[in-house]
Amino acid sequence: EARCTFSGCSLLLMSLLLAPYLATTSWAAQAHDPMPSNSAASGHITVLNYNVHGLPPLFAGDRPLWRSRRIAPLLSSYQVIALQETFSVHRSFDRQLSFSAKAHARQRRCDRPAGPGLSTYSQTSIETRLFVPFEHCHGVLRYANDCLANKGLLLTRIRLPGSKGRS
């Protein structure tokens, strides 16, 4: 039975959703300069997919708010950021990041004590958002406590920089 983790699903889903745009636009990996000054004109978009380990301190075993305050300043050079495990730190990121749009998946289920912990931030408008919960989970005290959160995918449709109605 195949299992899907946040990072794997997010990266795969992001690749599938961006595939039509990738096919018609020149893209370049820009590890040294995530947002080149001509990014809108050249068809480049910078995306970061990051698991911030924002579990509540009891489960994290360290200080998630302290860590989020150190991570946030490093994120502003990207145009789109998809964050996982923002359970206890999404408000901290909201305060620190100056992105024009954000989407959080907060849906809880009666049988799961935590919401999804997924957040997307964008320098351009988020046209639509949809949370798709996973139907099954794998363990409460085993398999990384998979059933303690309402895991799933946060799908967002984002207006491309410099586009006129194209997302």
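In which loop is Thr-46 found? In this predicted model, Thr-46 belongs to the loop that connects α2 (39-42) with β1 (47-51). Although it sits in a loop, Thr-46 is buried, its relative accessible area being 9%, a value that falls under the 20% limit and therefore places the residue in the buried class. The C-alpha atom of Thr-46 is separated by 6.4 Å from that of Val-80, a residue 34 residues apart from it along the chain.

The fold in which this loop is set comprises five helices and six strands, and the order of these elements, read from the N terminus, is α-α-β-α-α-β-α-β-β-β-β. Of the 167 residues of the protein, 40% count as buried, while the exposed surface amounts to about 9800 Å², of which 57% is supplied by carbon and sulfur atoms. When the contacts between residues at least 6 apart in sequence are considered, 63% of them are found to join residues at least 24 apart.

The largest nonpolar core contains 13 residues, and those that touch the most other members are Val-52, Leu-75, Ile-81, Leu-83, Phe-93, Leu-97 and Tyr-121. For Phe-93, with residues up to four places away in sequence not counted, the contacts are with Val-52, Ser-68, Ile-71, Ala-72, Leu-75, Leu-83 and Tyr-121. A second core, separate from the one just described, consists of eleven residues, including Ile-45, Ala-103, Leu-118 and Ile-158.

Strand β3, which spans residues 101-105, contains Lys-102. This residue has a relative accessible area of 40%, and because that value lies between the limits of 20% and 50%, Lys-102 is classed as partly exposed. With residues up to four places away in sequence again left out, Lys-102 touches Asp-94, Thr-120, Tyr-121, Ile-126 and Arg-129. One of these residues, Asp-94, is also a polar partner, since the side chains of Lys-102 and Asp-94 make a polar contact at 3.5 Å. Another, Thr-120, is 18 residues apart from Lys-102 along the chain, and the C-alpha atoms of the two are separated by 5.5 Å. Tyr-121, also touched by Lys-102, is in addition one of the residues with the most contacts to other members of the largest nonpolar core and is among the residues touched by Phe-93.

How values were computed. Residues numbered from 1 in each chain as written. Predicted model: local features only at pLDDT ≥ 70, side-chain atom pairs only at ≥ 80, totals over all residues. Heavy atoms only, no water. Core = buried A, V, L, I, M, F, W, Y, C linked by side-chain atoms within 4.5 Å. Buried < 20%, exposed > 50% of the residue type's maximum accessible area, 1.4 Å probe, protein only. Contact = heavy atoms within 4.5 Å. Helix = DSSP H or I, 4+ residues; strand = E, 2+ residues; numbered from the N terminus. Areas by Shrake-Rupley, 256 points an atom, 1.4 Å probe, with all protein chains shown as cover. Polar contact = N/O pair within 3.5 Å; in protein donor to acceptor, adjacent residues only side chain to side chain.
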